Amino acid sequence: MQKTCDNEKCNQGYIVVPNYQHDTMERIECMECLVNDKYRFDLASKLRETLREGSRERIIGIVSDAFADIIFMNQEVCADVEDLIQAKRTQDLMAMISAWLSRPYDRRVQ
């Protein structure tokens, strides 16, 4: 799980709390992160349902523009993308787009 909250005690989606019954410290899932993950999942599901009704070409254009905006400053990734396009390896290209678009913003910027 990733940290998606502003709680200072949260460490990658978990909080360390005392367990007085067993006299130990335990890691439990951060409830705020769980709520945020559930919201993100629900939002993505609703988006999928809505975008199914949209034009395929328009959706492809939006995804392509977003991906190009993210990678255009990284010459290595651009070269890899161009190689995949020329080799017509669409499955590999879609996997790469999916990986880059699903990364948190701070890890995209290099």
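Leu47 is found in helix α1, which spans residues 31–51. In this predicted model, Leu47 is partly exposed, its relative accessible area being 46%. Together with Tyr39, Leu43 and Leu51, Leu47 makes a nonpolar surface patch of about 400 Å².

Helix α1 also carries charged residues worth a look. Lys38 and Asp42 both belong to this helix and sit four residues apart, about one turn of the helix. Their side chains meet in a salt bridge, with an N to O distance of 3.0 Å. Both partners are partly exposed: Lys38 has a relative accessible area of 49%, and Asp42 has 27%. Asp37 lies in helix α1 as well and, at 26% relative accessibility, counts as partly exposed. The C-alpha atom of Asp37 is separated by 7.6 Å from that of Thr4, although the two residues are 33 apart along the chain.

A search of the whole structure finds two salt bridges. Besides the pair in α1, Arg89 forms a salt bridge with Asp92, and here the closest N and O atoms are 2.5 Å apart. Arg89 is partly exposed at 43% relative accessible area, and so is Asp92, at 34%. In general, side chains of opposite charge can pair when their charged atoms come close.

Turning to the interior, the largest nonpolar core has 10 residues: Phe67, Ile71, Val77, Cys78, Val81, Leu84, Leu93, Met96, Ile97 and Trp100. Three helices, α2 (56–71), α3 (75–86) and α4 (90–101), each supply at least two residues of this core. Within this group, Leu93 touches Val81 and Leu84, and Leu93 also touches Ile85, when residues up to four places away in sequence are not counted. Apart from this core lies another, of five residues, among them Cys5, Cys10, Ile15 and Cys30. More broadly, nonpolar side chains in soluble globular proteins tend to be buried together.

The strands come next. Strand β1 (residues 14–19) pairs with strand β2 (residues 24–29) in the antiparallel sense, over six bridges. Asn19 stands opposite Thr24, a residue of β2. The hairpin of β1 and β2 has four residues between the strands, and in this hairpin Asp23 takes a positive phi near 55°.

Definitions and conventions: Residues numbered from 1 in each chain as written. Predicted model: local features only at pLDDT ≥ 70, side-chain atom pairs only at ≥ 80, totals over all residues. Heavy atoms only, no water. Core = buried A, V, L, I, M, F, W, Y, C linked by side-chain atoms within 4.5 Å. Buried < 20%, exposed > 50% of the residue type's maximum accessible area, 1.4 Å probe, protein only. Contact = heavy atoms within 4.5 Å. Pairing = 2+ DSSP bridges. Patch = residues over 30% accessible without salt bridge, like charges linked within 9 Å, V, L, I, M, F, W, Y side chains within 5 Å. Areas by Shrake-Rupley, 256 points an atom, 1.4 Å probe, with all protein chains shown as cover. Salt bridge = Lys/Arg side-chain N within 4 Å of Asp/Glu carboxyl O.
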